[in-house]
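Please open the model in your viewer and keep the selection tool at hand. The tour proceeds by selections, one stop after another.

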Amino acid sequence: MAIKDLPREECYLPGSAACPGCPATMAMRIVFKAIGKKMIMVVPACCTAVIESLHPKTSFDIPTMNIAFEAAAAGASGVEAGLRMQGKTDITVVAWAGDGGTYDIGIQALSGALERNTNFIYICYNNQIYSNTGIQRSGATPYAAWTTTTVSGKTEFRKEMGEIIQAHHIPYAAQTCIAYPEDLYNKVKKAKSIKGPKYIEIMAPCPPGWRFGMERTVEMGTLAVETGAWALYEYENDKMTFNGKSKLILEGKIERKPVEEWIKYQGRFRHLFIPKKDVKKIKDIETHIDQMWERYRTCYL
Amino acid sequence: MTSIMIDTGNYIAAKAAVMAKPDVVAAYPITPQTTLVEGIAKYLATGEFKGEYICVESEHSAMAACIGASASGVRTFTGTSSHGLLLMHEMLHWAALARLPVIMCNINRVVGPGWNIWADENDSISQRDTGWIQFYCSSNQEIFDTVLQSFKLGEHQDVSLPVMISYNAFILSHTSMPVYVPNQKDVDDFIPKRKPKWELDVNNPITFGNIILPHEYEKVRKEMQKAQENAKKLIPQISEEWKKKFGRYHGDLLELYKCNNVDYILLSMGAIGSESKVAIDNLQKNGYKVGLARVRTFRPFPKEEVLKLGKKADLIAIDRNISIGSEGALFSELKASLYQKSDAKVHGFIAGLGGKDVTFGDIEKMCKKVIDGKAKDMEWFGLEGV
């Protein structure tokens, strides 16, 4: 599927309240195209609750219900059951949450919904911070990144949500990135065709949160993948398949770029370069990425 | 054909809930609510319950799932107790503000620490400002009838609010009593099909619950208040209709018991409410001019009815709860209802916290102390020499 072949219909309407260069809206637009209008979306507290715009207006042409921060997956479970009881089985229920609502406060409800075999797609757009509350650390924030609650840089490494999801042995999970709309489209499309719980996580570089220029969103996504800081993969019936550049990195066909190539554009890592380059911390980040790929290779190659 | 079922409050509540034919039940077990959800599970296994039973991983998710299901347009039911109710707190507000008529039984139980599973009403009293309609039941029959009445009330277009049916832990939840059970067809006739105020519909895409500015939000609150006022009018109508159809009546917002020609009226709720009837019988036999007004609905609160009582008698409140730093919740409500409109005296007792037994003998002692002019404004029964 080439970008020019994506459906023309837009359910993401003009006039939203998103920041310029917002990755969530780029992703949402593609998700809407992949699923179509027979979709109901459940949104917990996250940037999307702002992006929707003010009551009584909306920027979505999709029925959407806002729900409490930790409740996206549980709310979606209820919507799914209610629709099924009415025989409306042709509607796709999507929980659409940020990394705060997924990795942290919402992980219990998510785990419960996956374990119960809920027929829905859970999508996490991961901008690696609590962005809606103004850039605080989350379980997805990478090591050394500045946030307003990690003023000198985060001292812990991020969680591997993908591995937590896989421990539920659901029919389909995937990681993708806003820089690869075809990859995103195909994964959502595939998820739609599968019954049971599906989980898709979208790497979503956030210009104000990561401190880079709004014209660089896509580039930051591409570099996240090319440096190996983020992997594109699919997990289906307990089998992992890596996609795109991530596949080539896994198979050793290309070298991943040094992570410096990615973090040097991001103000959140500025303290690693100014006033003096913090070689050790940058190496720590590299080592952590190497360890992740080593784990991927051991398990999936 | 009406049949008689002899069972505990929880199983009776499960029976009533299943007869209302909810499409989705989402619940999480907690003592002493457990046998209620086990009852639903049993009816699911036998095929009597044809809805979806979501065994969620917490009460927070139970309410979230009920909200999701209700927003999809269907009928929902759940049950909880104590800490479960408290964990739901955020979602209780959500359900009410979303105007989704989720129907829920709450088995009134002590809040820890320390762990204690007996009767105490502080769990639901501390949810009084969430916008939910709150019933307090005093017998298994009342539980059965109120659960079914609640579906009709909560789902009514003029109300569209969630309803909580509370009853005391063990005293009712685990005590068997005979209950008249009407036939399914009569119940079906009594509760109309739900017509949602709004729903998630792919043919009419709306965004529910996005950012709302102050002047719009305030209107939402006012509408909720209006809905509670509407409930105040509907509860007597629904109780009357139930009485006509099924021959049973537990009162409307209040249940008045022997309130003619009295100088004092006792107000109590829940299981203490039924125990109070025995106390009133004994007191009146011994010449004490005291009657009973059992409070069935704490929200909406029957201000007007209480004022009527306060114009002819002094009032005595027994609270199985306390708003720490103030006083019993019912005691406060009574005084607020009378303020500047009646000069009746109001006395409040805190009694039965932590599940401490409150017998009719205890209730008689409380009433006598007031009538004998020896009671303070507010007392802790059993801890202050009563």
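Begin by selecting Thr64(A) together with Thr207(B): Thr207(B), in S9(B), is the bridge partner of Thr64(A). Please bear in mind that this is a predicted model. Now extend the selection to strand S2 of chain A, residues 64-66, and to S9(B); two bridges join these strands, which run parallel. In general, the strands of a sheet pair through backbone hydrogen bonds, in either a parallel or an antiparallel manner.

Next, show the whole meeting place of the two chains. Here 37 residues of chain B are in contact with 39 residues of chain A. On the side of chain B that touches chain A, at least two residues each come from strand S2 (24-27), strand S3 (52-55), helix H3 (59-71), helix H4 (82-97) and strand S9 (207-208) of chain B. Which helix supplies the largest share of this side? H3(B) does, with nine residues. If you colour this side of chain B by residue class, you will find 21 nonpolar, ten polar and six charged residues.

Now hide chain A and colour chain B by domain. Domain 1 covers 3-246 and domain 2 covers 254-380. The C-alpha centres of these two domains of chain B lie 27 Å apart. At their boundary, 29 residues of domain 1 of chain B are in contact with 19 residues of domain 2 of chain B. On the domain 1 side, helix H5 (122-125), strand S6 (133-136), strand S7 (163-168) and helix H8 (214-246) of chain B each supply at least two residues. H8(B) gives the most to that side, with five residues.

Turn next to the open sheet of six strands in chain B, whose order is S10-S12-S11-S14-S15-S16 and whose pairing is mixed. Why is one side of S10 (254-257) and of S16 (378-380) of chain B left without a neighbour in the sheet? These strands stand at the edges and each has a single partner strand, so one side of each remains without a neighbour there. From one strand to the next, the twist averages 20°.

Within this sheet, select strands S11 (264-268) and S12 (290-295) of chain B, which run parallel and are joined by five bridges. Tyr264(B) has Val290(B), in S12(B), as its bridge partner.

Finally, add two helices of chain B. Helix H9 (270-285) packs on the sheet and touches S10, S11, S12 and S14 (314-319) of chain B; the direction of H9 makes about 170° with that of S12(B). Helix H11 (329-338) of chain B also packs on the sheet, touching S11, S12, S14, S15 (346-350) and S16 of chain B. The direction of H11 makes about 155° with that of S14(B).

Conventions
Residues are numbered from 1 along each chain as its sequence is written. Chains are lettered from A and ligands numbered from 1 in the order in which they are written. This is a predicted model: local features need pLDDT of at least 70, side-chain atom pairs count only at pLDDT 80 or more; totals for chains, interfaces and linings use all residues. Two residues are in contact if their C-beta atoms, placed from the backbone, lie within 7 Å. Helices (H or I, at least four residues) and strands (E, at least two) are DSSP runs, numbered from the N terminus. Ala, Val, Leu, Ile, Met, Phe, Trp, Tyr, Cys and Pro count as nonpolar, Asp, Glu, Lys and Arg as charged, and the others, Gly among them, as polar. Two strands pair if DSSP finds at least two bridges between them. Axes are lines fitted to C-alpha atoms, for helices over the stretch in contact, and angles run from 0 to 180 degrees between N-to-C directions. Domain bounds come from an automatic or database domain assignment.
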